[in-house]
Amino acid sequence: WQPIDCALPLLFFCYGVLWLSGLTVAEFATWAIYGAIVVVALLVFFCAFAFLWRIPEHYEPHPSPGRRMWIPMHLIPPGLAVGFVNIHYPVMTGFLVLHMARTGGAGPVAFSSWAVMVLVTRFFLGGLPDRLPASLTYYVGLVSMAVGLAILAFIPGPVASMIAAPIIGFGFAFPWASVAATVLKRTDRHTRGSTVGALSAFVDIFVGTGSFTAGLLADRFGY
C-alpha cells in the first residue's frame, strides 16, 4: 500500500467533478457568463497544479524494464471493451439535449441528471470492482446503459428522459473502472503508466470516431 494508491481514486473523482460540472453548467449558461466559466476553469487548473506540485514523488526506474511495445497485444481486447462503451459519450453530450428538444423531453435537466449520476456512482460505488467480480460490475453497467438508451429511443417525453438519463449514467460509471481494475491487477508496477495510457488512447480514439460518426448520422437521419 502506498499513499498514491489511495489518492488516485480521489483525483479521478475530482477530475470527473470538474469535467462533468462544466458540461452541466454549460447546458444552462448563457453567452454572457461563458467568460466567467472560462476564468473559473483556469483558476481551478492552477489550483490543481499547485496542489500536485507539493506531492512528493520517489521514482526509481526498473532495473530491467525490457522491450516495450507501442500497444501490447494483451491490451487490445480490454481497450476495445472500454472503447465501445465510451463511443456513446459524444452522442450524449452532443445530441441528447437536441433530441430532447425535438421529442419534448427535458434536455438540460436530463443531461444534468446523467452527469450527477455518473459522479455519485463513481464516488460511492467506484470501489465495487475491487470487492466484486469485475465482470459482474462491467455487465451490470452495460445492461443499465442499454435499458436507459432504449427508453430514450422509444419513449419520448420529459418523464421518460428524466428516468432514462440517470440509468445511463449509472451504467456508464462502471465499465471503465471494471476493465482498468482487471488489467492493472495483472500488470507489473513498472508498466502501469503505459497500460493506463494505452487504455485511455482507446477511449480517445473511440470518442473521436464516435463524434464524427454521430455527426454524419445526425446530419443524414436526424437526431
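**Briefing: an all-helix chain**

Within the chain, 80% of the contacts with a separation of 6 or more are between residues 24 or more positions apart. The model is predicted. Its secondary structure comes to 10 helices and 0 strands, so the order of elements from the N terminus reads α-α-α-α-α-α-α-α-α-α.**Burial and surface**

- The chain has 223 residues, and 33% of them count as buried.
- About 14,100 Å² of the chain is exposed, and carbon and sulfur atoms supply 73% of that area.

**The nonpolar core**

- The largest nonpolar core holds 28 residues.
- Leu-96, Trp-114, Leu-152, Phe-172 and Val-179 touch the most other members of this core.
- Two or more core residues come from each of these elements: helix H3 (76-86), H4, helix H5 (107-125), helix H7 (134-154), helix H8 (158-172), helix H9 (175-185) and helix H10 (192-221).

**Helix H4**

- Helix H4 covers residues 89-103, which is 15 residues.
- From first C-alpha to last, H4 reaches 20 Å, close to the 21 Å expected at 1.5 Å a residue.
- At Phe-95, H4 bends by about 55 degrees.
- Phe-95 is also one of the buried residues of H4, together with Tyr-89, Pro-90, Met-92, Leu-96, His-99 and Met-100.
- Gly-104, just after H4, has a positive phi of about 85 degrees.

**Helix H9**

- The buried residues in H9 are Pro-175, Ser-178, Val-179, Ala-180, Ala-181 and Val-183.
- These buried residues pack against H3, helix H6 (128-131), H7, H8 and H10.
- Val-179, buried in H9, is among the residues that touch the most other members of the largest nonpolar core.

**Aromatic pairs**

- A search of the whole structure finds 6 aromatic pairs.
- Tyr-138 and Tyr-139 have ring centres 5.3 Å apart and ring planes at 85 degrees, so they form an edge-to-face pair; planes over 60 degrees apart count as edge-to-face.
- Tyr-138 has a relative accessible area of 12% and is buried, because buried means under 20%.
- Ring pairs also join Tyr-89, Phe-111, Trp-114 and Phe-172 into a cluster.
- Within that cluster, Tyr-89 is a buried residue of H4.
- Trp-114 and Phe-172, both in the cluster, are also among the residues with the most contacts to other members of the largest nonpolar core.

Note on methods: Residues are numbered from 1 along each chain as its sequence is written. This is a predicted model: local features need pLDDT of at least 70, side-chain atom pairs count only at pLDDT 80 or more; totals for chains, interfaces and linings use all residues. Side-chain values use heavy atoms; hydrogens and water are left out. Rings of Phe, Tyr and Trp (its six-membered ring) pair if their centres lie within 6.5 Å; planes under 30 degrees apart count as stacked, over 60 as edge-to-face and the rest as tilted. Buried means under 20% relative accessible area, exposed over 50%, partly exposed in between (1.4 Å probe, protein chains only). Helices (H or I, at least four residues) and strands (E, at least two) are DSSP runs, numbered from the N terminus. The expected span of a helix is 1.5 Å times one less than its number of residues. The bend at a residue is the angle between axes fitted to the seven residues ending there and the seven starting there. A nonpolar core is a set of buried Ala, Val, Leu, Ile, Met, Phe, Trp, Tyr and Cys residues joined through side-chain atoms within 4.5 Å. Contact means heavy atoms within 4.5 Å. Accessible areas come from the Shrake-Rupley method with a 1.4 Å probe; for residues, only the protein chains shown count as cover.
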